[in-house]
Amino acid sequence: AHSNTAAALDAVDAQASSSNTITAATMGRTRPTIGNKQQRAKIWAREKTQKREEKDKRKEQRRKKRSRQHDLLRDGGELGEGLEPALQPRTLENTREEEPTRVLEGDAEILRDEADDEFAAHEYREGFSGEPHPDFVPPKVLVTTRPRPSKELFRFVADLISVVPNAFFYPRRHFSVQDICRKGSEQNFSHVIVLSERAKKCNGLILSKLPHGPTAFFKVSNVQVSDSVPGAGRRTEHQPEILLNNFTTRLGRRVGRMLSSLFYSKPAFQGRQCVTFHNQRDYIFVRHHRYIFEERPVDKRKRKVIARLQELGPRFTLRLRWLQDGTFDTKFGAYEWLHRRKQMDVSRRKFHL
């Protein structure tokens with residue numbers, strides 16, 4: 001009986017050791033013959049460092065080869081071997097699911113629609129005499145807040161008014177948003193902006209185009225006023241340039257045109273100021289910069305032009321929640337687009353703007 005028990009234990013030990021060996025070999029991280037855990041960790045770290053160094057060496061060789069071939073092309077020499085394509089990492093942007101409403105460059109139908117939409121009147125056009133075209137309507141923006149706003153919200157309002165030309169602040173008092181839209185239309189305002197807040201932080205923005213809409217509601221996050229932006233410069237009265245990045249769908253182009261219609265569409269280039277609306281994964285990052293171009297020497301033969309930026313502030317992030325046809329009316333208004341989280345956020349690679 002004793003011999004049978006010993007044989008059974010030996011069989012169990014042999015099976016356990018064989019399973020451990022298979023597991024270690026399958027993982028491929030350490031050698032299965034090394035029983036010391038610290039030694040296995042050292043060998044694994046050494047192999048990992050060696051692989052990283054080899055990868056960096058191959059990357060540097062590709063970079064030097066591309067640099068040599070670019071120099072040959074510049075000097076009129078023969079190119080020789082073809083350029084190796086740069087390796088691109090997989091991201092959510094370059095693996096994005098195809099959107100059926102994606103707009104192609106130069107789409108004639110889209111251009112005709114945009115030439116006759118609600119924002120076309122705010123695009124600057126010159127007449128025969130050099131003066132603004134009679135149909136051009138300069139934007140006039142009414143800015144207000146929720147009832148009883150905090151001091152922090154007033155700081156953001158002050159920055160917003162300084163960035164958006166021809167913007168005027170009016171206290172909210174007891175008026176509803178519908179009353180404000182109606183009064184703004186009577187006073188020839190072209191847009192209404194209503195800011196909301198929670199815990200003394202701005203968390204919402206209603207933007208309504210007067211007098212017939214549309215109206216959009218954005219969630220606001222990551223607000224930094226100009227005083228809290230590191231190294232922020234001082235703004236001037238010049239009209240800024242407007243940069244719209246990555247608005248590629250029909251909804252995205254409509255939202256981009258709505259945001260750009262807040263600004264006078266004839267920028268003063270001598271001011272070198274620009275307001276950027278950068279869409280990435282349906283988040284719209286808003287930044288305000290001043291730029292300057294400088295030429296710097298690279299070596300004895302080369303000089304390159306670089307762009308230096310100075311942020312002016314404020315900075316904040318928008319995310320569209322709904323777009324409504326007509327002015328603000330959440331009870332009877334018709335929605336052009338409404339974000340339904342449980343239906344639309346099932347895939348991380350699906351974007352709408």
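# Reading strands, cores and salt bridges

Modeller: Let's start with one pair of residues: I193 stands opposite L207 in β4. Keep in mind as we go that this is a predicted model.

Colleague: Happy to. How many bridges join β3 to strand β4, and do they run parallel or antiparallel?

Modeller: Strand β4, residues 201–209, is joined to β3 by eight bridges, and the two run antiparallel. Together β3 and β4 make a hairpin that has two residues between the strands. In that turn, look for A199, whose phi is positive at about 55°.

Colleague: And in which sense do β1 and β3 pair?

Modeller: That pairing is parallel, with five bridges between β1 and β3. To find it on screen, pick T145, whose bridge partner in β3 is L195.

Colleague: Why is β3 described as largely enclosed by the rest of the structure?

Modeller: Burial is read residue by residue, and then you look along the element. Strand β3 covers residues 191–198, and six of its eight residues are buried, so the rest of the structure largely encloses this strand.

Colleague: That leads me inside the protein. Which residues have the most contacts inside the largest nonpolar core?

Modeller: They are I193, L195, F218 and I284, within a core of 37 residues. Helix α4 contributes the most to this core, giving five residues. You have already met I193 as the residue opposite L207, and L195 as the bridge partner of T145.

Colleague: What does I284 touch, not counting residues up to four places away in sequence?

Modeller: Quite a list! Among the residues that I284 touches are F218, F247, V255, L259 and F277. The list also includes H278, N279 and T317, along with F316, L318 and L353. There is also a second core, separate from the one above, with 12 residues that include L142, F189, V192 and F328.

Colleague: Now for charged residues. How should I think about salt bridges?

Modeller: The general idea is simple: side chains of opposite charge can pair when their charged atoms come close. In this structure the count is 17 salt bridges. One of them joins D113 to R250, with 3.1 Å between the closest N and O atoms. This pair links distant parts of the chain, since D113 is in helix α3 (residues 108–114) and R250 is in helix α6 (residues 250–260), 137 residues apart.

Colleague: How accessible are D113 and R250?

Modeller: D113 has 38% relative accessibility and counts as partly exposed. R250 is partly exposed as well, at 41%.

Colleague: And which residue does E123 meet in a salt bridge?

Modeller: The side chain of E123 meets that of R257, with 2.7 Å from N to O. Here again distant parts of the chain are linked: E123 is in the loop between α3 and β1 (141–145), R257 is in helix α6, and they are 134 residues apart. The two ends differ in burial, because E123 is partly exposed at 35%, whereas R257 is buried at 13%. There is also a network of salt bridges here, linking D117, E123 and R257.

Colleague: What about R235 and D159?

Modeller: Their closest N and O atoms are 3.5 Å apart in a salt bridge. R235 is in the loop between β5 (215–224) and β6 (241–245), while D159 is in helix α4 (residues 151–163), so parts that lie 76 residues apart in sequence are tied together. R235 is partly exposed, with a relative accessible area of 28%, and D159 is buried at 9%.

Colleague: How many disulfides are there?

Modeller: The count is zero. You can still look at two of the cysteines: C202 is buried at 10% relative accessibility, and C274 is buried at 8%.

Colleague: One last residue, please. Is D282 buried or exposed?

Modeller: D282 counts as buried, at 7% relative accessibility, because buried means under 20%. You will find D282 in the loop between β7 (273–280) and β8 (283–297).

Colleague: Which residues does D282 touch, not counting residues up to four places away in sequence?

Modeller: D282 touches L318, R319, F351, H352 and L353. With F351, the C-alpha atoms are 6.1 Å apart in space, although the two residues are 69 apart in sequence. With H352, the side chain of D282 reaches the backbone nitrogen at 2.9 Å.

Note on methods:
Residues are numbered from 1 along each chain as its sequence is written. This is a predicted model: local features need pLDDT of at least 70, side-chain atom pairs count only at pLDDT 80 or more; totals for chains, interfaces and linings use all residues. Side-chain values use heavy atoms; hydrogens and water are left out. A salt bridge is a side-chain nitrogen of Lys or Arg within 4 Å of a carboxyl oxygen of Asp or Glu. Helices (H or I, at least four residues) and strands (E, at least two) are DSSP runs, numbered from the N terminus. Buried means under 20% relative accessible area, exposed over 50%, partly exposed in between (1.4 Å probe, protein chains only). A disulfide is a pair of cysteine sulfur atoms within 2.5 Å. A nonpolar core is a set of buried Ala, Val, Leu, Ile, Met, Phe, Trp, Tyr and Cys residues joined through side-chain atoms within 4.5 Å. Contact means heavy atoms within 4.5 Å. Two strands pair if DSSP finds at least two bridges between them. A polar contact is a pair of N or O atoms within 3.5 Å; within protein, one must be able to donate a hydrogen and the other to accept it, and residues adjacent in sequence count only if both atoms are side-chain atoms.
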